[in-house]
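Trainee: Before I plan anything at the bench, could we go through this structure together, one question at a time?

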Amino acid sequence: MEHIVIIGNGISGVTVARHIRKNSDKKITIVSSETDHFFSRTALMYIYMGHMKYEHTKPYEDYFWEKNRIELKKGFVKTIETQSKTLHFAEGGTLQYDKLVIATGSKPNKFGWPGQDLDGVQGLYSKQDLDTLERNAPDNKACNRAVIVGGGLIGIEFAEMLVSRKIPVTFLVREDSFWNGVLPKGESEMISRHIKSHHIDLRLSTNLKEIKADKNGRAKSIIITETGEEIDCNVVGLTAGVSPNINFIKDSNIETDRGVLVNRNLETNIPNVYAIGDCAQQREAIGNRRPIEAVWYTGRMMGEALAQTICGNTMEYNPGHWFNSAKFLDIEYQTYGWVFAERGRPEYERHFHWIHKDDDKCITIAYHKDTNVFLGINTFGIRMRHEFFDTILTQKWTVDKVIEHLAAANFDPEFYKLHEKAIVSQFNTETGSTIRLSKKGWRKIFA
Amino acid sequence: MKAIKYIGLVIFIIAITIFTGTLFTGSFGLTKAEVNEYVETQGYKSEVIKQELEKATVTDEELSIFEFSSRVRDAYQASNNHYDDLIAKYDADKNWDKKGEQFQYKIYGKPHTLSYNLAKKAGSGFVKENAGLMWWLTFGLGSIGALLFILPNLILLGAPGIKNDGIFHKAATNRGWIAWLVLIYLVTFYLALYFRADYVVNWTFILDPISEFLNGGEASQWFVYGFLYCTIMSVMAVRMYIKYRHNKYQIMRTTSVLFFQIVFAFLIPEIMTSLNMPGYDFKNAFPLDYDFFFEWNIKSLTKSGGIGVFILVWGTILTLVIVPLMVYFFGKRWYCSWVCGCGGLAETLGDPYRHLSDKSLKSWKLERWVIHSVLVISVLMTVVTLYCYFSGAESLLGINSQWIKDTYSFLIGAWFAGVIGTGFYPIFGNRVWCRFGCPLAAYLGLVQRFKSRFRITTNGGQCISCGNCSTYCEMGIDVRAYAQKGENIVRSSCVGCGVCSAVCPRGVLKLENGSMDGRINPTEVLLGNDINLMDLLNQK
Ligand SMILES: Cc1cc2nc3c(=O)[nH]c(=O)nc-3n(C[C@H](O)[C@H](O)[C@H](O)COP(=O)(O)OP(=O)(O)OC[C@H]3O[C@@H](n4cnc5c(N)ncnc54)[C@H](O)[C@@H]3O)c2cc1C
Ligand code: SF4
């Protein structure tokens, strides 16, 4: 029986395993050095915040693996020998495979800051990181202040976690507005204000110069590059992005760049070796996507596609329209299609931006300035329907038509106050159109 | 703000201590005349009971309720023993006529109920004489303390949004010592209420004036329970309003259950009683209202003229037509989390414990067995009862009508719905009864599962499998298991509380009523891969 070995029990590794099992009887082993069972990395913050326990973050009950004949092995793969198809473990021992899937995820970036390896300095990626944080910052007596370095999605989650335990947070962000490499100005500024309203000391256009140690080798303060200011703190969170976790592969025959290089079939240069999830790098970017996509959904999609290939039904990784979501403290964010920030925005892309007077809801719709074709939407504080936007992106609706049917896209809970009217009227004023909001439900429109 | 909270807590603890303490106060005793009168109004034929009761209760000693209860129960026992002895004697003599005569002298009834009825007349003391003051010291202070504890959250919890910080760190909400203390208190409370009413007779004294005002009669232990229920729900509803103030669905739903509890379950029945009608809760549907078709109820309803007949017809239509029709349009939620009293308590007092429900597949299996068995038994019981009522027989298919009613009332009505259902909130979560025991929920669930427009829609591929939805599902549904597959959630047990949707950080879940087509969507739709792959997966 063919033995499929998967390194990494994250969303991508587990998805490929589950789908191989659905479609075949192959022997499957998942290797991981992190935890015994698959858990949801995206939920790490909620464990620290006391919303959930670790147990709750496991999407499958523990009996699931044995029942589905998916073997779990705990261990750290030190080297991969592709000639003899052997894995060597750091703990000793080896494992033979017939087909190998590399799904080792990411690791936090460190940019060579002085003091970056001190005690009290940490990233937020793994279960171990969470345990470390629990030791470093159990409460605001043990940790009087934390400094978070790097304004991305993990950075804001890290800050929210600490705030939940009333630990004062200073948040260093390189950009002049939060996450404005991705979010257009209006949104980025609204989120910046929201962060401050949660009493987080947000420092924009600010870089970390170094981390200073006390006499026990623990972080005691940080220095800011621009001003030389020293900020006392007990914990420094490094959240300046992630990069593929593939150091142990560098010496093998498997071709790598920043990530493990794969083609559209998710195959590496070595036959029967594949890579998926955060650690995979497409040789050529797909559409507007980045070559390395470090998000939950793409890991899942790659896992689904690769399982088909491994089970004999060769299939490209062919992601549909881009979507993503996040939550910035109290404000939920969803995106469908492409909406570019100022930086890197295609010349043809025009934006319509609406913001609620309470400063906690806004949307941005991107469309083509010549054809008026809808390109994408960012929505903050208003939930919208994935299926709606997926369909209209495929059908290439114009922005006018999207605005007209915006009510059908709403996915907020029942009885919520709706804002489509206000949005339509602002759109009409700005563009001189005379669109009237349609009341049709989304099923009716597509029927 | 913090200080106010703690002051509130202290006040609340003082109030609950006084409330509990009242049980140990007062003295109980009767005069000869009172005993005489009581025996006469009860129509006891026993020739010894009067003498026994006099011996027991006419005394200069200051009897506590516990001593009084024990003496009264002994008195009844002595009377019954007396006649049992005679029965045995005549039996030995084979004097059948004489033996037969003795049975009329025996006094039936639960000992603690007999004792309660006397205690209600026999009590005196500070509590009884100062009911108004005591009301303030217990219900009044308790509510004020609780509100002082709750209201500062408006500021302390910060801007509107999800407020689940620290839930799994706190002894009160993470099965710690506080949770166990609360459990012990609640369980003791229910045991006393159901099985030792005489021990809590002092509480009824506190509410006598209010009861007399509302229905013209003295307060019973059930009046105390009803009043306490409304008070607790009102106070805890304030907590809900603060906690979920960003979520209009939660606000509306909380207001609705509160309204139905206070107006339908409490006020209307009381007012009906004061008008000499049978007190009836118009929203309490059979088979949750399991004794609706019991002989005593049918008899009392048919005897009370037009209104009684109306209630009989209404109750029947409610269960057979209104309930399933509403479930078809709106799902089970219209009842379980918008109207029902049990649901109402679960969603207010029980909300802090909602995450404690068991999500394992095992408990889902257990749930289906247990709840459907209760449904079958409750229907069976009703069939037996009705058959016996109309035919005059004592049993059907070998099932004795009295036996099955008593057993059901004891095991399901008292133990399951009360002692376990509510008493165990702090450990097993707030919907134990609704999930495992309620026959009406089982019935609604069957309709919801197979013929309803209600579903929880999953928003395409947006789920990140974080598990908040499953964790906060009070019914123990593994919501995530569906959401992460892009599948809508159509489950018989879902009470539509809407909290999964509220806590989801990615906006994945929406409670909706819509067409039956595509309600249960095929798995793996739109997780993000393009159509071809999806077609392929869907063909399986
Ligand atoms: C705090 C946080 C929040 C996030 N929130 C979101 C979000 O909201 N939405 C979103 O789309 N994405 C989010 N992400 C990103 C998302 O979690 C990742 O994209 C996703 O988990 C990657 O999955 P994966 O299966 O590729 O790798 P991983 O989940 O990283 O799994 C890889 C596993 O392989 C193990 N491993 C690595 N090397 C070895 C080795 N040599 N031997 C043995 N085992 C090894 C690792 O220990 C790890 O367990 C978040 C990430 C973090 C850290
Ligand atoms: S809470 Fe939302 S994102 Fe989290 S598992 Fe449930 S549906 Fe998915």
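**Reading the two chains**

Mentor: Let us begin with a single loop, keeping in mind that this is a predicted model: A:L266 lies in the loop between β18 (260-262) and β19 (273-275) of chain A.

Trainee: What is the phi of A:L266, which is not a glycine?

Mentor: Most residues other than glycine have a negative phi. A:L266 is not a glycine, yet its phi is positive, at about 65 degrees.

Trainee: Which peptide bond of chain B is cis, and what is its omega?

Mentor: Most peptide bonds are trans. The cis bond in question leads to B:P287, a residue of the loop between α13 (248-274) and α14 (295-303) of chain B. It joins B:F286 and B:P287, and its omega is about 5 degrees.

Trainee: Into which domains is chain A divided?

Mentor: The assignment gives a domain 1 that is written in two segments, 3-107 and 243-310. The other two are domain 2 (121-240) and domain 3 (323-445).

Trainee: How much area do domain 2 and domain 3 of chain A bury between them?

Mentor: The C-alpha centres of these two domains of chain A lie 32 Å apart, and 21 residues of domain 2 are in contact with 23 residues of domain 3. Carbon and sulfur atoms carry 67% of the buried area, which comes to about 1800 Å².

Trainee: Which residues in domain 2 of chain A lose the most area to domain 3 of chain A?

Mentor: Three residues together account for 31% of what the domain 2 side buries. They are A:E187, A:M190 and A:H194.

Trainee: How far apart are the closest N and O atoms of A:R193 and A:D359?

Mentor: Side chains of opposite charge can pair when their charged atoms come close. The rule for a salt bridge asks for a nitrogen and an oxygen within 4 Å, and A:R193 and A:D359 form such a bridge, with their closest N and O atoms at 2.7 Å.

Trainee: Turning to chain B, how far apart are the C-alpha centres of its domain 1 and domain 2?

Mentor: The domain assignment places domain 1 of chain B at 27-124 and domain 2 at 452-539. The distance between their C-alpha centres is 63 Å.

Trainee: At what angle do helix α18 and helix α19 of chain B cross?

Mentor: Helix α18 covers residues 361-391 and helix α19 covers residues 401-420, and their axes come within 10 Å of each other. The crossing is left-handed, and its angle is roughly 145 degrees.

Trainee: How many nonpolar, polar and charged residues make up the contact of α18(B) with α19(B)?

Mentor: Among the residues that meet are B:V374, B:I377 and B:M381 in α18(B) and B:I404, B:Y408 and B:F416 in α19(B). By class, the contact has 11 nonpolar, 3 polar and 1 charged residues.

Trainee: What area is buried between chain B and chain A?

Mentor: The contact between the chains involves 64 residues of chain B and 61 residues of chain A. Carbon and sulfur atoms give 45% of the buried area, which is about 4900 Å².

Trainee: How many salt bridges are counted between chain B and chain A?

Mentor: One of them pairs B:E512 with A:R385 at 2.5 Å, N to O, and another pairs B:R506 with A:E157, whose closest N and O atoms are 3.7 Å apart. Because B:R506 lies in the loop between α25 (499-503) and β6 (509-513) of chain B and A:E157 in helix α5 (residues 153-164) of chain A, that second pair joins two chains. The count between chain B and chain A is 3 salt bridges.

How values were computed: Residues are numbered from 1 along each chain as its sequence is written. Chains are lettered from A and ligands numbered from 1 in the order in which they are written. This is a predicted model: local features need pLDDT of at least 70, side-chain atom pairs count only at pLDDT 80 or more; totals for chains, interfaces and linings use all residues. Side-chain values use heavy atoms; hydrogens and water are left out. Domain bounds come from an automatic or database domain assignment. Axes are lines fitted to C-alpha atoms, for helices over the stretch in contact, and angles run from 0 to 180 degrees between N-to-C directions. Helices (H or I, at least four residues) and strands (E, at least two) are DSSP runs, numbered from the N terminus. A crossing is left-handed if the near helix is turned anticlockwise from the far one by less than a right angle, and right-handed if clockwise. Contact means heavy atoms within 4.5 Å. Ala, Val, Leu, Ile, Met, Phe, Trp, Tyr, Cys and Pro count as nonpolar, Asp, Glu, Lys and Arg as charged, and the others, Gly among them, as polar. Buried area is the accessible area (1.4 Å probe) that two parts lose on being put together, summed over both. A salt bridge is a side-chain nitrogen of Lys or Arg within 4 Å of a carboxyl oxygen of Asp or Glu.
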